[in-house]
Amino acid sequence: MTPTGLPMVNSPVEMPPAESQEVAGEDARRFAVEGMDCAACAKTVEKAVTALDGVTSARVSFGAGTLVLDGRATDDAVAGAVRRAGYRVVNPSDDGAPGMPFWRRDSRALSTTASAVLLLVAVAGSLLSAPRLVAEPLYLLSMAVGGWPIALAAAGGLRRRSLDMNVLMTLAAVGAVGIGSYAEGAWVLVLFAVGTTLETFALEHTRRSMDALLDLAPAQARLIDLDGTETLVAVGDVDVGARFVVRPGERLPLDGTVSEGSSSLDQSPITGESVPVDVGPRDKVFGGSMNTHGSLVIEVTKVAADSTLSRVAALVEDAQASQAPSERFIDRFAGIYTPLVFLTALLLLLVPPIVFGGSFDTWIYRALALLIVACPCSLVISIPVAVVSAVGGSARRGVLIKGGQALEDLARVKTVAVDKTGTLTAGIPSLESVRTFGLEENEALRLVYGVEQRSEHPLARAIVDAAHERELSAPAQEDFHALPGRGAGARIDGRDLWAGGPRLIEERASTPPAELAEMQAAGETVIALGEGDRVLGLFGLADQVRDEAVGLAGALRTCGVDQTVMLTGDAEPVAKAVAEAAGIEQWRSGLLPEDKLDAVRELDRLRPVAMVGDGVNDAPALAAARVGVAMGAAGSDVALQSADVALMSDRIDRLPETLRLAQRARSVMRANVIASLVVKGVFVVLAPFGLVTLVLAVAADMGMSLLVTLNALRLLGRTPTLDARHSAAESDTSGQDGTNRDCC
């Protein structure tokens, strides 16, 4: 503990282990897999690869389109297993080829186009009364060209006892040919192939968004030697401590601190902030940022694999691969629904002809239509595509949401608990006033400096900085001892002194000075210097409320948040002053870290709560909240790893925007699921009565899949900026209650 009784900013904090989705191991490798357009596809690939000799474990992410494998299997063996499952590895052990045209990356694009052309020629021939010997071979050729990838994937699914959509569509097409419906069989496969190709194209738009983020960091760094010689070196070969040069108009290849020069950096890829940030010596900078003017010499603090940009991209992919609770429910539902409808189709095929003497051709046709309806593709992808889009879209805005669970929890938040220092305030306090009793002001400051000189806490640093500004020398410190939760003591110039906040004053001082209440009422945090039961001096420190924190409670209220509560270790008068300045009506003061933890638990028992803090000092409360939101997570490994939501910049006004995105994502998920269930329900009812053709069934199924995908992709779009919304709010009436409408 620091002398002020609060956790030190740079002190280690025990954090709960992150629930990583990545496969661990020294031999872990990453592959890009093309052609997956549903969760069942990912499971088929996963089973195929896991069966290889030497594979320890494997995880396939449908959302990210990747396979992460741990084991000794060769790249060729992995690619072969994926190919036998009906899919294709793009550039093994690489991220694929983001700059390559879609039709070259996805082999289905060419076969689909060719089959569609053949089908149109066959249809034209039929309309022109061409002989059956001309039209039917064209239909069959169209089915062969467009259907071979589908049949290959179906074979892989059957080998692993999976009734995925490829199996269902292949059976429908083969059945149609068996009863002489060549045209409809061709339409089934071509429409399905076109639908999956369009769907894959749309999904790749999402999958490539984070690859594009990684591409922002240059592949080479211009290292500078002690003699000034510059050498271009691959970023993977650059070690911590090396120095590189960045010229105007260039992007930073690695994280580091500025050694020489000053400039403005566009850090929007990491923090989401569109306004360039001024940097100079000793400032922290991030790889991928754009240097707008001036040359900089930067000392590397993280290797390429550990850079903030790389970690964000890896965590986003991890988040996109995680399953939301509602997604797990849909998967269980689909696991029951598909076999049930398949069994119903089998009964529809056999019972009416055998028991009631119906026509086999008629009931085979109806059973095939029901088989197509059995494909739960649109239902299964309804939620994961929305999660992938929302997580990717928020990352592009400088907000990292750690998966579907966090996204759904965030949408349900009704209470927001907010830390004060560094969250609502700038976190850089300064010494504003000094009251002394029996000592000169500089002497009192010198003595309290002696007690606080080794602390890294912001309040202690403010006193140290004030002493430095007055050019006071640090006295020798002896017998230093912490007073947990209250302050600290030490022997200075042979005197046993103590320094701490209101708790220690109440404990040690026989008569607390009247000036204490006056300083607190002015919104100052007070540190006292004392000896025995006497107070020798009071030091008032103030921390300015952030501009973006003003009106936060009103903005959150328009997002459905019922209450915003400030939690702080400061005294009641200080807490009241800061809360009123920020427009927050509820606050709790004098809280130790364990008190904040208890407060969050109490609030969460009443309604879902999000706790917003700096990711270190508030670690216990962040972990206890339904959603932990870390401020200023850029460059902070602890915050990035531990928080459910990480605001990469230090702007708390990103929170209402993030809540709004989560609520939009929840609405998209619900709309997708409801629409899919309604369409499926209608066609399941109509198919046994012969009211659904094979073509109509495929068009409805693939059309629905494409619609839910496109609906989810809307979450990738950038929401209006906060500044724009504030401007709009100022130019419009805000309602009779005068509340801020910038979230809705």
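Two strands pair if DSSP finds at least two bridges between them, and strands (E, at least two residues) and helices (H or I, at least four) are DSSP runs numbered from the N terminus. This is a predicted model, in which local features need pLDDT of at least 70, side-chain atom pairs count only at pLDDT 80 or more, and totals for chains, interfaces and linings use all residues. Residues are numbered from 1 along each chain as its sequence is written, and side-chain values use heavy atoms, with hydrogens and water left out.

**View 1. Let's start with the whole chain.** Here you can look for 26 helices and 26 strands. Of the 744 residues, 54% are buried (under 20% relative accessible area, with a 1.4 Å probe and protein chains only).

**View 2. Now meet an open sheet of seven strands.** Follow the order β14-β26-β25-β24-β15-β22-β23, where the pairing is mixed. The edge strands, β14 (399-401) and β23 (586-588), each pair on one side only. On average, neighbouring strands of this sheet are turned by 20° against each other, direction ignored (axes are lines fitted to C-alpha atoms, for helices over the stretch in contact, and angles run from 0 to 180 degrees between N-to-C directions).

**View 3. Zoom in on β14 and its partner β26.** Strands of a sheet pair through backbone hydrogen bonds, either parallel or antiparallel. β14 and β26 (residues 645-647) run antiparallel, joined by three bridges. Can you spot L400? L400 stands opposite A646 in β26.

**View 4. A helix lies across the sheet strands.** Helix α24 (residues 654-686) lies across β14, β15 (415-419), β24 (609-613), β25 (627-631) and β26. The helix runs at about 40° to β14.

Conventions:
Buried < 20%, exposed > 50% of the residue type's maximum accessible area, 1.4 Å probe, protein only. Contact = heavy atoms within 4.5 Å.
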